[in-house]
Amino acid sequence: MREGLGAQVKSELFKRKMSQKELADLIGISSAYLSDIINGRKDGPKAQEHVKHIRKILCI
């Protein structure tokens, strides 16, 4: 599932001409932490809350 999330996020960011840093700033997390989430390296309860925000912001 994580690979799917990563591909979806990267695709949407590309379509919107938006950087991971910009998305991370919108969510209020570091770009390194965002990268860990979308690449499946972080998947705890807090990361899942951030995934919900990511999906809402990017409409995925």
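**Helix packing and the nonpolar core**

In this predicted model, helix α2 (residues 20-27) and helix α4 (residues 45-58) have axes that come within 10 Å and cross at roughly 115°. The two helices α2 and α4 are therefore roughly perpendicular to each other, and their crossing is right-handed. On the α2 side the contact involves Leu23, Leu26 and Ile27, which meet His50, Ile54, Ile57 and Leu58 of α4. The residues of this contact between α2 and α4 divide into six nonpolar, one polar and no charged.

Helix α4 also packs against helix α3 (residues 31-38), at an angle of about 90° and with the axes 10 Å apart. The helices α3 and α4 are therefore likewise roughly perpendicular to each other. Tyr33, Leu34, Ile37 and Ile38 of α3 make this contact with Lys46, Ala47, His50, Val51 and Ile54 of α4, and the residues concerned divide into seven nonpolar, one polar and one charged. Within α3, the residues Leu34, Ser35, Asp36, Ile37 and Ile38 are buried, and just after this helix Gly40 takes a positive phi of about 80°.

His50, which lies in helix α4, appears in the contact of α4 with α2 and also in that of α4 with α3. With a relative accessible area of 10%, His50 falls under the 20% limit and is therefore buried. When its neighbours within four places in sequence are left aside, His50 is in contact with Ile27, Ile29, Tyr33 and Ile37; of these partners, Ile27 belongs to the α2 side of the contact between α2 and α4, whereas Tyr33 and Ile37 belong to the α3 side of the contact between α3 and α4.

The largest nonpolar core has 15 residues, and those with the most contacts inside it are Val9, Leu23, Leu34, Ile54 and Leu58. The elements that give two or more residues to this core are α1, α2, α3 and α4, and the largest share, four residues, comes from α4. In soluble globular proteins, nonpolar side chains tend to be buried together. Leu34, one of the residues with the most contacts inside the core, is in contact with Gln20, Leu23, Ala24, Ile27, Ile29 and Ile54, its neighbours within four places in sequence being left aside. Two of these partners, Leu23 and Ile54, are likewise named among the core residues with the most contacts, and both also take part in the contact of α2 with α4.

Leu34 can further be related to Lys21, a residue of helix α2: the C-alpha atoms of Lys21 and Leu34, which stand 13 residues apart along the chain, are separated by 8.4 Å. Lys21 has a relative accessible area of 46% and is therefore partly exposed, whereas Leu34 is among the buried residues of α3.

Backbone geometry was also examined outside the helices. Most residues other than glycine have a negative phi. Lys17, found in the loop between α1 (2-16) and α2, nevertheless has a positive phi, near 50°, and with a relative accessibility of 78% Lys17 counts as exposed. Cys59, in the segment after α4, likewise has a positive phi, of about 55°, although it is not a glycine; at 64% relative accessibility, Cys59 also counts as exposed.

Conventions. Residues are numbered from 1 along each chain as its sequence is written. This is a predicted model: local features need pLDDT of at least 70, side-chain atom pairs count only at pLDDT 80 or more; totals for chains, interfaces and linings use all residues. Side-chain values use heavy atoms; hydrogens and water are left out. Axes are lines fitted to C-alpha atoms, for helices over the stretch in contact, and angles run from 0 to 180 degrees between N-to-C directions. Angles under 35 degrees count as roughly parallel, over 145 as roughly antiparallel, 65 to 115 as roughly perpendicular and the rest as oblique. A crossing is left-handed if the near helix is turned anticlockwise from the far one by less than a right angle, and right-handed if clockwise. Contact means heavy atoms within 4.5 Å. Ala, Val, Leu, Ile, Met, Phe, Trp, Tyr, Cys and Pro count as nonpolar, Asp, Glu, Lys and Arg as charged, and the others, Gly among them, as polar. Buried means under 20% relative accessible area, exposed over 50%, partly exposed in between (1.4 Å probe, protein chains only). A nonpolar core is a set of buried Ala, Val, Leu, Ile, Met, Phe, Trp, Tyr and Cys residues joined through side-chain atoms within 4.5 Å.
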